[in-house]
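Welcome, and take a moment to look over the model before reading on. This short report walks through a few of its features.

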Amino acid sequence: MRKNRIREILVGLGALALLGTLACTATQEVVKEVEVEKVVTQEVVKEVEVEKVITQEVIKEVEVDRVVVQEIEKPADPGLLRVGNNGDISFLDSHRSQSGHDVWHGSMLFDTLVFYDRTYTTAIPGLATGWTLQPNGTTYDFTLRQDVVYHNGEPWTSADRLWNYDRCIVALKEKSRCGTTLLDVKEWSAPGPYELRLELDKFNVVFMFHAGNPREMNKGNVESGDVDTNPIGTGAYRFVEYIPGDRLVMEKFVNYWDKGFLAIRPERAVILPMPETQTRIAALKAGEIDLMTDVPFNALEDLDDTDGLQLLRQTGITMSYMTFIMNTREGPMADVRVRKAMQHAVNKEAMHNVIWFGHGEVDCNLIPSKMWAYTPITCPERDISAAAALLNEAGYNAGNPLKIKYIPEPNNEMFVKMGEVFKQNVEEIDFVDVEIEVVDTATWLDKVWFGVEAVDGWPNHEGKIIHKEYDIGDAWYTRWPPDPDGLMQSVLRAGSENGPYLGNNGMRYYNAEVEELFDLGKSTLDKAVRKPAYARIVDIVVNEDVPLIKIQSMPRFYAANMKVRNAPMTPNGYLDFRAWDYDFSR
Amino acid sequence: MLQTAYVVAALSVFVFVMLKLAPGDPAVIRLGKEVTREQIEGERRELGLDRPIYVQYAIWVGNLVRGDLGVAFTNNQPVAPLIVEKFKRTVPLAFAALIVALVVAIPLGIIAGIRPYSWLDNVVTAVSLFGVSAPNFWVGLMLILFFAVRLGWLPTSGYGPPGEGFEFKYLILPAVSLGTSMMGSLTRYMRSGMLDVMTSDYIRTAHAKGLRYRSVVLRHGLKNALLSVVTIITLDIAGLLGGAIVTENVFRYPGMGQMLVAAVQARDYHIVQAVVMLAAVVYVLLNLLADIVYAYLDPRIRYD
């Protein structure tokens, strides 16, 4: 009897083990079947591609950004690109995308009307082969490419393009930022099946930087709701599979219009969300991924010294800068003397060395030194006595100490380190006490970025009282387009003292002169007019209003194995998918 | 069972209310930072978040009854297939970790229990304390660095080769990492159970009857010592099936834990509610299983 019971226990334990093993094995069987199908499909795709390469020799179109690519063209061997991304995508629907994690599939699955050359200052043909700006300065006429098809085989025409404008500018107006870069577009029409006309309400010097938007999506795909599980575009890759938190798989779209581009790209691309930094680094070192995003500054040296790996770095203009932002409407930071005191108290050099290991460029000027609009200014020096004197003037002293609540942005330990250095710097003044409150993203958005409706706070343009709990926080701004307007306007502009504040103005900053200078800078191509306008804006921000404190520019780094070649980075820190290529021999 | 249904229903209300009370707005997270208040309000209307909380709850329950768990706020993916997919991945990890833990913990616990305060017991105690106290993420990273990066024997992370399906070798390191902490606590419980049992009267009687030592330990001692261990195993499995949060993140193992953390951070009510419901049901079922196992192990326990 007892023997039987022991046997039953052992059988029970065995069953548990078996259950686990069976679960694994069953999945493996299914996977094997799927793999066989994939191999067969790949064979077919290869055959089709051979035909396409032959056809390509006949119909090859030479374009500005293709010249370099054609020189290193190779036969399209099968290849797999594996990207370790520092987060998961937000939406497959590109019109709804809202994070940098959506850039990969956004640029691979969906084309845009124009692309940019490698200086990222000039638009070049994309889905549009050419365009003209009429003498009135507000009418753009685009000629559209005629050999474009969607991934489902449907031909692409101007009617599809109009639908994309309808969706972004009208239908999604209150649900997505898709149309926010197209606010100047008042009318869109199609004089012919491959002609498009856009009417702006006024001349906009940076319009062509936004003219690519929105990314081209498929009406039927969106209206059927399939876009969230099987998106269709006209891009160089087509969607294969997405498992949230696990992977996004795409493969070459053999009917893509740009055969030269396609020829030097890997057969498949897999985007793997890897939020844990050490996991990404380990996977890259072990050869399990080809490319990792968001290399932490403390790992740069190690990865650079690792055989078979390379660091990809920004070489041109960096449209990315790190700041301390301040709540200019509530609490102690509503007093400009306190904000100026903070500017004197912060030790930017210490942060530069301790947090970013000497990478980046310390400056108070929001405009980077490589940009044409850069005008050197004298930055306020670190001066604790001057900071203390300003605080005394504002009424703070040993009897009335200044308490500051610092709420760092979540999900990156760098921001907490910034808070710690800030606390150390500022607390050198005896009567200042900094409290660092670490919160999650949702809470941070409430306490710092958007605020919440409350009894006490600052009225917004709708008359609602909005309270923000932070005094000082941090913001890592990465902007587009590479123009002083693109760099600063969404950070510093607002409709009035009460808003609406543009998307990156977490400080709720407003200055009527700044608004006029932005309008002036945007209204002309004449750099002799624009440059002093932007210099004055910088002067107001640094020396008069101080809604934020720029610490330094923030270069971005990626790390990759040697399969990845010629990988330039855009000014806003993304790898330029149109420009880089892949070494199939490695 | 009726009591179980009450518990699950109460839990669903509790979680729903707590999520709503927590700061943070799913509409804001869904839209990102660079939007206006008008866009946020529009999104809230679209998601039905502008309705009273009891209406939202009633809608959610109504959909649940029809088998519709809704779509994820964060990416518009349907929740039901998502949960199934993640659960399918978490189950092998949980059981593999359990096996790793049991294979090590039971023999070590027995050895330590029958030779208390000996050098063997000291070694086992050290090993089990390491298992209990070493942080999961640290153990995981060390395993990755040694077995994957340095030796290259096993993959660093994931569930299978990129872009493909499951492969067994991807399970080994996360299972060992997760099993290590379980092993620690199970060894301690096993040792403690054996110590209690081995000093009891019926064991002395068994010795007096002249039974072989091995037989006394394994037949008479182990079975009774397992009672407390079964309880711990049940709780551990239930917890693991709800997701091994740290391990899944370190090893990029796309299971329930990874999804739950992301969903809580994004205030993705639909996913959080679904996971909590599933975890509650799993808990209840495993408790039931534990009761059945008790009855097998101890004939005195009967459920009439």
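Helices and strands here are DSSP runs, numbered from the N terminus: helices are H or I runs of at least four residues, and strands are E runs of at least two. This is a predicted model, in which local features need pLDDT of at least 70 and side-chain atom pairs count only at pLDDT 80 or more, while totals for chains, interfaces and linings use all residues. Residues are numbered from 1 along each chain as its sequence is written, chains are lettered from A and ligands numbered from 1 in the order in which they are written, and side-chain values use heavy atoms, with hydrogens and water left out.

**Backbone details in chain A**

Let us begin with the loops. P481(A) sits in the loop between β18 (472–478) and α15 (484–492) of chain A, and P500(A) is found in the loop between α15 and α16 (512–522). Both prolines follow a cis peptide bond. Another loop, between β21 (564–565) and β22 (581–582) of chain A, holds N566(A), a residue other than glycine whose phi is positive. For background, most residues other than glycine have a negative phi, and most peptide bonds are trans.

| Place | Angle |
|---|---|
| W480(A) to P481(A), cis | omega about 5° |
| G499(A) to P500(A), cis | omega near 5° |
| N566(A) | phi near 45° |

**Chain B and its partner**

Chain B has 13 helices and zero strands. Its C-alpha trace spans about 85 × 55 × 30 Å along the principal axes.

How many residues of chain B are in contact with chain A? There are 66 of them, and they meet 72 residues of chain A, where contact means heavy atoms within 4.5 Å. The size of an interface is often given as the accessible area lost when the parts come together. Here the buried area (the accessible area, with a 1.4 Å probe, that two parts lose on being put together, summed over both) is about 6,000 Å², and carbon and sulfur atoms give 57% of that.

Four salt bridges are counted between chain B and chain A, each being a side-chain nitrogen of Lys or Arg within 4 Å of a carboxyl oxygen of Asp or Glu. In one salt bridge, R89(B) pairs with D246(A), with the closest N and O atoms 2.5 Å apart. In another, the side chains of E43(B) and R96(A) meet at 2.8 Å, N to O. This second pair crosses between chains, from helix α3 of chain B to the loop between β1 (80–85) and α3 (103–109) of chain A. Over all chains, the whole structure has 41 salt bridges.

Which helix gives the most to the side of chain B that touches chain A? That is α5(B), with nine residues. The residues of this side divide into 32 nonpolar, 16 polar and 18 charged. In this grouping, Ala, Val, Leu, Ile, Met, Phe, Trp, Tyr, Cys and Pro count as nonpolar, Asp, Glu, Lys and Arg as charged, and the others, Gly among them, as polar.

**The largest cavity**

A cavity is a set of points, on a 1 Å grid over the protein atoms alone, where a 1.4 Å probe fits but cannot get out; lining residues have an atom within 4 Å of a point. The largest cavity is lined by 20 residues, and those nearest its centre are W449(A), F450(A), K468(A), Y501(A) and R37(B). Two elements each give two or more residues to this lining: β16 (452–459) of chain A and α3 of chain B. The lining divides into nine nonpolar, seven polar and four charged residues.

Key. 1 Å grid on protein atoms, 1.4 Å probe; cavity = no way out; pocket = protein on both sides within 12 Å on 5 of 7 lines; lining within 4 Å.
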